[in-house]
Amino acid sequence: MNPLLLTDGYKVDHRRQYPDGTTLVYSNWTPRKSRIENVEEVVFFGLQYFIKKYIIHDFEEYFFKQPKEEVIKKYSRRINNYLGENQVGTKHIEDLHDLGYIPMVFKALPEGSSVPIRVPMFTMFNTKPEFFWLTNYFETLLSAVIWMPCTSATIAKQYRKILDKYASETSSVPEFVDWQAHDFSMRGMAGIEASITSAAGHLLSFTGTDNIPAIDFFEEYYNANSDTELIGGSVPATEHSVMCMGTTEGEFETFHRLITEVYSKGIVSIVSDTWDLWKVLTNYLPRLKQEISGRDGKVVIRPDSGDPILILCGNPNGKSEEERKGVVELLWETFGGSINDKGYKELIPQIGAIYGDSITVERATQICENLKNKGFASTNVVLGIGSFTYQYNTRDTFGFAMKATYGEVNGEGRAIFKDPITDDGTKKSAKGLMKIELENGIFKLTDNVSWEEEIKGELKEVFRDGKLLVDVSLSEIRENIKK
């Protein structure tokens, strides 16, 4: 599709609504409010993808390379059928086609940075006066593409902080946290692009994922190479259809075949609550103890129903002894392990557990805390992070908005802003040109500055007039995340 049609309908005639003599519109992308408790910084991620995919590739393939007559004919038909006969016109579209590139500047903070609420992540403005209308024309497309990778990257970083904290307190293998949160979200996301960009945000903080196209995403848009670096990975795993097909009566044989024949070595994850999780833990696994303990690789038991905190850590009010002990304690009773230098129990390397149903940041915290209280290292379990975490969000989770704060009319600059009297302050925008400085590791905004001040600071040009100026890599972004 012509990318100029990837917009809200009200955008197409804003060109005529600006004051006569308008030559420049300067806007910014900012998280204005956090709806997640204790999160006051948002990870910036996704702009390079947006520029490469839409501003460069899609405009080149579906606009500039197409015959102008065809482009204008289709654009005119769509707008006229949509709005009725009107005066939107097509000359500005023809002029852009003749120009052959997008006459814009994007200035941005480094991707992977944690940006405080109400501090812009990037700014953009037109470089040719006749294309002033382009700046905010991009708002819809830009917002639809970028809010999710920023949001998911921010939430993933929260998981990382929690898991790092408990691993440092209880585990001898804190580096295992790279794999401790595994992305299960793809099937529950709002479309393939959402699933990929969200999964990419997850992979800034972790390496475990079941989202294969997210790996291609990083190779295509962020200079990664899966031949030479670990972008993301996973392990063989069963699903309920596999277990059901083996029948209830044959479930033990299914476990035995998977562990000793199909996957005689390496890691394998086996969903274990198709019927009776407690029977698996207290009957099948003790009967397979010798085979599992002697394997070159880990068998991962995957419960998939119930309250993950109670299932993994035990339910003091459980009806049976198995329920009261929980998965990790039952695995310890069968397979044992060691007590590390920090005084916490770690299962033998050949056995472990993963839980991937309805995990949240709060539940992850409680699981780690309960394991710690029982004397177990947090790294005895892996958590599958699904769409319950990554899709239950909107653009308003962090109040993302793109707003114009400066313009030029008849050669004169105008510092503009919005401040609705009926709002609680969330929608109050900055004013004028922006300068962002790094003070003690925290980005600080100064607005309403001069052009001389605007060119200083931490906002750097990443795109100008059809050319990408900064081409950052996944490894660089991961380093920024760690900072």
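Modeller: One definition before we start: UniProt positions are given in the numbering used here, feature names are shortened, and annotations may be inferred rather than shown by experiment. The model itself is predicted.

Colleague: Which residues does UniProt give for "domain: Nicotinamide phosphoribosyltransferase N-terminal"?

Modeller: The feature comes from an unreviewed UniProt entry. In the model, its span is 26% helix and 25% strand, with end C-alpha atoms 13 Å apart. The record places the feature at residues 4-56.

Colleague: How far apart are the end C-alpha atoms of residues 180-465?

Modeller: UniProt lists this span as "domain: Nicotinate/nicotinamide phosphoribosyltransferase", again in an unreviewed entry. The span is 35% helix and 22% strand. Its end C-alpha atoms are separated by 43 Å.

Colleague: On which residue is the kink in α15 centred?

Modeller: Start with the span of α15, residues 321-335. A straight helix of its 15 residues would reach 21 Å, but the end C-alpha atoms of α15 are only 18 Å apart. The helix also has a kink of about 90°. That kink is centred on Val327.

Colleague: Is Val327 buried or exposed?

Modeller: Buried residues have under 20% relative accessible area. In α15 they include Lys325, Gly326, Val328 and Leu330. Val327 is on that list too, so by this cut-off it counts as buried.

Colleague: What residue follows α15, and what is its phi?

Modeller: The helix ends at residue 335. Gly336 comes next, with a positive phi near 65°.

Colleague: Which residues does Leu331 of α15 contact beyond its neighbours within four places in sequence?

Modeller: Leu331 is one of the buried residues of α15. It is also among the residues that touch the most other members of the largest nonpolar core, which has 139 residues. The largest share of this core, 15 residues, comes from helix α6. Beyond its sequence neighbours, Leu331 contacts Leu281, Leu285, Ile301, Gly336, Leu347, Ile351, Gly352 and Ala353.

Colleague: Which residue caps the N-terminal end of α12?

Modeller: α12 covers residues 277-287, and Leu277 and Trp278 are among its buried residues. Cover for the buried residues includes α11, α13, β9, α14 and α15. At the N-terminal end, a side-chain oxygen lies 3.1 Å from the backbone nitrogen of Trp278. That oxygen belongs to Asp276.

Colleague: How accessible is Thr247?

Modeller: Thr247 is found in the loop between α10 and α11. Its phi is positive, near 70°, though the residue is not a glycine. Partly exposed covers the range between under 20% and over 50%. Thr247 falls there because its relative accessible area is 36%.

Colleague: Is Ser358 buried, exposed or partly exposed?

Modeller: Ser358 is found in the loop between β12 and α16. It has a positive phi of about 60° and is not a glycine. Its relative accessibility is 25%, so Ser358 counts as partly exposed.

Colleague: What does Tyr166 touch, leaving out residues up to four places away in sequence?

Modeller: Tyr166 is in helix α6. It counts as buried because its relative accessible area is 5%. Its contacts beyond those sequence neighbours are Ser171, Thr365, Cys368, Glu369, Lys372 and Ser378.

Colleague: What separates the C-alpha atoms of Tyr166 and Glu70?

Modeller: The two residues are 96 residues apart along the chain. Their C-alpha atoms are separated by 60 Å.

Terms used:
Residues numbered from 1 in each chain as written. Predicted model: local features only at pLDDT ≥ 70, side-chain atom pairs only at ≥ 80, totals over all residues. Heavy atoms only, no water. Helix = DSSP H or I, 4+ residues; strand = E, 2+ residues; numbered from the N terminus. Expected span 1.5 Å × (residues − 1). Bend = angle between axes of the 7 residues up to and from the residue. Buried < 20%, exposed > 50% of the residue type's maximum accessible area, 1.4 Å probe, protein only. Contact = heavy atoms within 4.5 Å. Polar contact = N/O pair within 3.5 Å; in protein donor to acceptor, adjacent residues only side chain to side chain. Core = buried A, V, L, I, M, F, W, Y, C linked by side-chain atoms within 4.5 Å.
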